[in-house]
Amino acid sequence: MHSLIVAVASYAVFLVPLAAALVWLQVPRPEKLALAGVGVLTIVLALVGIEIGAHLWADPRPFVVDGQAPLIPHAADNGFPSDHTTFAAAIAAALLPWRRRLAAGLLVLAAAVGAARVAAHVHHVPDIIGGYLIGAVAAIVAILVVSMLLRNRGGLRLAAGRHTDASWENGTPAGTSGGGRRSEPWQTNQATRPPTPPTSATPNSGS
């Protein structure tokens, strides 16, 4: 039983970023930018949340308080919040817009990681709850921010695949009218051809 607790507490967390990487490989190319942006911003916000939480509340490790040896060797530092739980919950929640069922399963896995770390005697329950909430909030905020920045999905695709030649102006290729129809060469020549002056009648000399 102890071996299972140690395995889940120490190594199960790595399954979450692995699953996120596999999702990134599977999503369509236009969605990769959004998923990467959500992932990076989620991690940054989670780090900020961990630092803020650690400054707001100091919680000694269980083995420091009661003297019971932990199943996992660990430094006697502040236990709040749980880093493992925070990052597992954050990355799992960040996948919700793309793979809801997988994200839900990974959120359960994140809770299992937290529970295992409590059983391993390196965290108290509030450390796990706090880390879980920090990770989930970081992911939600990241999703909202990236969604606002890339609200127009068509614009995202255009940004990823827009032509770089000088014929594109204001998102519309040269020679294309405002309604999206391309002018034919004969129409262009007709539009630019100068008008023919009227031919004056030759006066009759009467001869």
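**Figure 1. Long-range contacts across the whole chain.** Among contacts between residues at least 6 apart in sequence, 74% join residues at least 24 apart. The model shown here, and in every view that follows, is a predicted one. The chain has 207 residues, and 32% of them count as buried. Its accessible surface comes to about 13100 Å², with 65% of that belonging to carbon and sulfur atoms.

**Figure 2. The order of helices and strands.** If you are meeting this chain for the first time, its elements are a good place to start. There are 9 helices and 2 strands. Reading from the N terminus, the order is α-α-α-α-α-α-α-α-β-β-α. The views below stay with helices H3, H4 and H5 and the loops that join them.

**Figure 3. Helices H3 and H5 side by side.** Here we look at where H3 and H5 meet. Their axes come within 10 Å and cross at roughly 150°. An angle over 145 degrees counts as roughly antiparallel, so H3 is roughly antiparallel to H5. The crossing of these two helices is right-handed. On the H3 side, the residues that take part are Val38, Thr42, Ile43, Ala46, Leu47 and Ile50. They meet Asp83, Thr86, Phe87, Ala90, Ile91 and Ala94 in H5.

**Figure 4. The salt bridge of Asp77 and Arg61.** The structure holds 1 salt bridge. In this salt bridge the side chains of Asp77 and Arg61 meet, at 2.9 Å from N to O. The pair links distant parts of the chain, with the two positions 16 residues apart in numbering terms: Asp77 sits in the loop between helix H4 (62-66) and helix H5 (83-94), and Arg61 in the loop between helix H3 (29-56) and H4. How exposed or buried is Arg61? Its relative accessible area is 5%, and because buried means under 20%, Arg61 counts as buried. Asp77, by contrast, is partly exposed, with a relative accessible area of 38%.

**Figure 5. Ser82 and its surroundings.** Our last close-up turns to Ser82, which lies in the loop between H4 and H5. Is Ser82 buried or exposed? Ser82 counts as buried, because its relative accessibility is 0%. Which residues is Ser82 in contact with, leaving aside its neighbours within four places in sequence? They are Arg117, His123, Asp127, Ile128 and Gly131. Asp77 of the salt bridge is also found in the loop between H4 and H5, so you can use this loop to find your way from Figure 4 to this view.

Notes:
Residues numbered from 1 in each chain as written. Predicted model: local features only at pLDDT ≥ 70, side-chain atom pairs only at ≥ 80, totals over all residues. Heavy atoms only, no water. Salt bridge = Lys/Arg side-chain N within 4 Å of Asp/Glu carboxyl O. Buried < 20%, exposed > 50% of the residue type's maximum accessible area, 1.4 Å probe, protein only. Contact = heavy atoms within 4.5 Å. Areas by Shrake-Rupley, 256 points an atom, 1.4 Å probe, with all protein chains shown as cover. Axes fitted to C-alpha atoms, helices over the stretch in contact; angles between N-to-C directions. Parallel < 35°, antiparallel > 145°, perpendicular 65-115°, else oblique. Left-handed = near helix turned anticlockwise from the far one by under 90°.
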